[in-house]
Amino acid sequence: MNRDLVRALQVAWELPDFRSGVRHLIDLDEVSVLLATLSVPDHDGEVERSLLSLLRSGLETVEIREAVLLLLEQDEVRRPLVAAAVEPLAARPGLAAAIAAAAEDPAVRREVRAALDSAKVRELIWQAMENQVSDNRFGLIRRAAALFVRHPSVRRLAWAVRRHGVLRELRRPRVTH
């Protein structure tokens with residue numbers, strides 16, 4: 001897992017409003033320990049699976065999902081998270097810029113919210129993430145196709161990110177030097 005992303009998650013986690021909003025819903029100490037473990041370069045892959053499991057159960061809880069989505073509306077949280085997410089794309093600056101622009105668009109964030117409101121969409125997203133963690137490329141592609149074909153909210157989200165050039169940049173071949 002990207003260490004910059006872990007650092008950004010730690011920054012978000014330390015915001016008092018967020019922590020107090022979810023304190024009654026999750027074990028704050030468990031999350032803190034997981035984030036600290038992830039920030040160490042040689043952490044175990046099992047730690048990543050534990051964090052994904054914790055995130056999954058958290059996002060299934062309406063209060064936590066709403067708290068996270070509200071948190072992402074704050075520039076000081078969203079911007080470091082986006083920067084960390086696009087950092088591995090240094091070789092693809094067009095894609096990194098398109099993703100960053102999409103993340104700054106309130107319309108895109110509304111579509112993310114609409115997509116995450118669907119339990120079926122969330123389930124397919126988690127299945128796709130599990131496929132990615134287990135390096136099951138076929139399963140990942142199958143889940144992504146199912147998301148797009150079966151769920152109008154995902155199609156609207158795809159259209160919203162398309163306006164920022166994300167899909168164009170994804171299709172652009174990688175340049176290797």
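Arginine 79 is a good place to start in this predicted model: with a relative accessible area of 44%, arginine 79 is partly exposed. Its side chain takes part in a salt bridge with aspartate 75, where the closest N and O atoms are 3.5 Å apart. Both residues belong to helix α6, and they sit four residues apart, about one turn of the helix.

Aspartate 75 has another partner to show you. It also forms a salt bridge with arginine 78, and here the closest N and O atoms are 2.3 Å apart. This pair, too, lies within helix α6, three residues apart, again about one turn. Why do such spacings suit a pairing along one helix? An α-helix has 3.6 residues a turn, so residues three or four places apart point the same way.

The surroundings of these side chains are worth a look as well. Aspartate 75 counts as partly exposed because its relative accessibility is 33%. Arginine 78 counts as buried, since its relative accessibility is 5%, and the cut-off for burial is under 20%. If you now bring in Glu104, you have a network of salt bridges that links Asp75, Arg78, Arg79 and Glu104.

Let's step back to the helix that carries three of these names. Helix α6 covers residues 75-86, which makes 12 residues, and from its first C-alpha to its last it reaches 16 Å, close to the 16 Å expected at 1.5 Å a residue. Its buried residues are Val77, Arg78, Leu81, Val82, Ala84 and Val86, so you meet Arg78 once more in that list, in keeping with its 5% relative accessibility.

Across the whole structure, a search finds nine salt bridges. One to visit next joins the side chains of arginine 156 and glutamate 111, at 3.3 Å from N to O. Arginine 156 lies in helix α11 (residues 152-162) and glutamate 111 in helix α8 (residues 106-116), so this pair ties together parts that are 45 residues apart in sequence. Arginine 156 is partly exposed, with a relative accessible area of 42%.

Our last stop is leucine 170, which you will find in helix α12 (residues 166-171). At 49% relative accessibility, leucine 170 counts as partly exposed, because the exposed class begins over 50%. Setting aside its neighbours within four places in sequence, leucine 170 is in contact with Arg92 and Leu95. Alanine 98 is also worth picking out: leucine 170 and alanine 98 are 72 residues apart in sequence, and their C-alpha atoms are 9.7 Å apart in space.

Methods. Residues numbered from 1 in each chain as written. Predicted model: local features only at pLDDT ≥ 70, side-chain atom pairs only at ≥ 80, totals over all residues. Heavy atoms only, no water. Helix = DSSP H or I, 4+ residues; strand = E, 2+ residues; numbered from the N terminus. Expected span 1.5 Å × (residues − 1). Buried < 20%, exposed > 50% of the residue type's maximum accessible area, 1.4 Å probe, protein only. Salt bridge = Lys/Arg side-chain N within 4 Å of Asp/Glu carboxyl O. Contact = heavy atoms within 4.5 Å.
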